[in-house]
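This briefing sets out the architecture and the local contacts of the structure shown below, grouped by topic for use alongside the coordinates.

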Amino acid sequence: MSSHALKIGFVPEHFSTPIHFAHKYFGLDAELIPFPSGTGHMITAIRAGEIDVAIGLTEGWIAGLGKTEQSEENDGGYRLVGTYVETPLCWAISTGNQHPEIVSVDSLKGGKIGVSRIGSGSYVMGYVLADQRDWLVPTTGVGTSTESASPYSDFVVLNTFENLRKAVNDGTADFFMWEHFTSKKYYDNGEIRRVGEIYTPWSSWKIVASTKLVKGTTLDDRVEDLLGKLNKGIRHFNENQEEVVKYISTTLDYSEEDAREWLKTVKFPERTQGVDLKVVKSTIEILNTAGVLEQGKGIQAEDMIAKQR
């Protein structure tokens, strides 16, 4: 296996703070590549060989593999190798200020949902929301098909958070979903309006590695090293909360108050190594129910996780 420094994709938000600490204090030798457009974009990049490892949303990674029909030519491009955040993610549901007709989450049924990419967390959670609200209407099909009529009139692909905010104000989209604390600044300044929220029914962030770095039960040494350095970065994060608040409020796009509030809601694991099969299976089950995945199709739960010694 090549010995070049790993290229690691990450979302440049408050959740990335332990990665920053691993790099700053614990010698993480890697090229950190920001993906502000999120997990869907990282799936494309890791499959194209542009990055080696990525840290992103559980639902995006699992949906990506669950839609992959495995063959000799196509192994899905990546495997789950670690757990980065143990707590659920709070997705805020936002609209623009020119949508007086949107008074509650129920007003969104049949509307135009803005998403960063097809297959991204913002896309997948649109179906989870629809499932929770009973907006999924099964179409007449044959046998055990779980096909459902779309709960929305359109999925508008907008790539970035900035584009999503613009879209709900110019009418391109009616609403979108994005992480609560990243959205909050724009509620406070009046750019967008909060309609509601939805929590992921699973632990929110996972680490994946290119299948080129996974050989049987052996992970490339650089991936093992990354997981070890992340553990140290997380420990530093937990032991130095004032430094965390300062970093998030000066380097990233959050107020000190919001950084402190976020700290009360998030839990990183002591050990990032490994992924709980039960979490993957329950996520797949919910994604099947929501119509994101189809039962029995795609890469199965056991095969999504890199087998580790």
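In this predicted model, Ala 92 has Glu 197 of strand S11 as its bridge partner. The pairing belongs to the antiparallel association of strand S5 (residues 90-95) with S11, which rests on six bridges. The points below proceed from that sheet to the helix across it, then to the charged pairs, to a second strand pairing, to two backbone exceptions and to the chain as a whole.

**The five-stranded sheet**

- S5 and S11 are members of an open sheet of five strands, ordered S9-S6-S10-S5-S11, with mixed pairing.
- The edges are formed by strand S9 (154-157) and strand S11 (193-199), each of which pairs on one side only.
- From one strand to the next, the twist averages 30°.
- In general, side chains in a regular strand alternate between the two faces of the sheet.

**The helix across the sheet**

- Helix H5 (residues 161-170) lies across three strands, namely S5, S6 (112-115) and S10 (175-179).
- The direction of H5 is at about 150° to that of S10.
- Arg 165 is located in helix H5 and, with a relative accessibility of 9%, falls under the 20% limit and is therefore buried.

**Salt bridges**

- The structure contains 15 salt bridges; as a general matter, side chains of opposite charge can pair when their charged atoms come close.
- Arg 165 and Glu 191 form one of them through their side chains, with an N to O distance of 2.8 Å.
- This pair connects distant parts of the chain, 26 residues apart: Arg 165 is in H5, whereas Glu 191 is in the loop between helix H6 (180-188) and S11.
- Unlike the buried Arg 165, Glu 191 is partly exposed, at 28% relative accessible area.
- A further salt bridge joins Arg 194 to Glu 197, whose closest N and O atoms are 2.2 Å apart.
- Glu 197 thus enters the description twice, as the bridge partner of Ala 92 and as the acidic member of the salt bridge with Arg 194.
- Both members of that salt bridge are partly exposed, Arg 194 at 30% relative accessibility and Glu 197 at 38%.
- Arg 260 and Glu 256 also form a salt bridge, with 3.1 Å between the closest N and O atoms.
- These two residues lie within helix H9 (residues 256-263), four residues apart, which corresponds to about one turn of the helix.
- Arg 260 is partly exposed at 32% relative accessible area, and Glu 256 is likewise partly exposed at 45%.
- Lys 184, Asp 188 and Asp 258 are connected through a network of salt bridges.

**Strands S1 and S2**

- Strand S1 (residues 6-10) pairs with strand S2 (residues 30-34) in the parallel sense, over five bridges.
- Within this pairing, Ile 8 is opposite Leu 32 of S2.
- S1 is mostly covered, four of its five residues being buried.

**Backbone exceptions**

- Most residues other than glycine have a negative phi.
- Asp 134, which is not a glycine, has a positive phi of about 60°.
- Asp 134 is placed in the loop between helix H4 (121-132) and strand S7 (137-138).
- With a relative accessible area of 66%, Asp 134 is over the 50% limit and therefore counts as exposed.
- Asn 159 also has a positive phi, near 70°, and is found in the loop between S9 and H5.
- Asn 159 is partly exposed, with a relative accessible area of 31%.

**The chain as a whole**

- The chain comprises eleven helices and 14 strands.
- Its radius of gyration is 19 Å, close to the 19 Å that the globule rule gives for 309 residues, so the chain is as compact as a globular protein of that length.
- Along the principal axes, the C-alpha atoms fill a box of roughly 55 × 50 × 30 Å.
- Of the 309 residues, 54% are buried.
- Among contacts in the chain with a separation of 6 or more, 78% involve residues 24 or more positions apart.
- The accessible surface amounts to about 13,600 Å², and 49% of that area belongs to carbon and sulfur atoms.

Methods:
Residues are numbered from 1 along each chain as its sequence is written. This is a predicted model: local features need pLDDT of at least 70, side-chain atom pairs count only at pLDDT 80 or more; totals for chains, interfaces and linings use all residues. Side-chain values use heavy atoms; hydrogens and water are left out. Two strands pair if DSSP finds at least two bridges between them. Axes are lines fitted to C-alpha atoms, for helices over the stretch in contact, and angles run from 0 to 180 degrees between N-to-C directions. Contact means heavy atoms within 4.5 Å. The radius of gyration is taken over C-alpha atoms; the globule rule is 2.2 Å times the number of residues to the power 0.38. Buried means under 20% relative accessible area, exposed over 50%, partly exposed in between (1.4 Å probe, protein chains only). Accessible areas come from the Shrake-Rupley method with a 1.4 Å probe; for residues, only the protein chains shown count as cover. A salt bridge is a side-chain nitrogen of Lys or Arg within 4 Å of a carboxyl oxygen of Asp or Glu.
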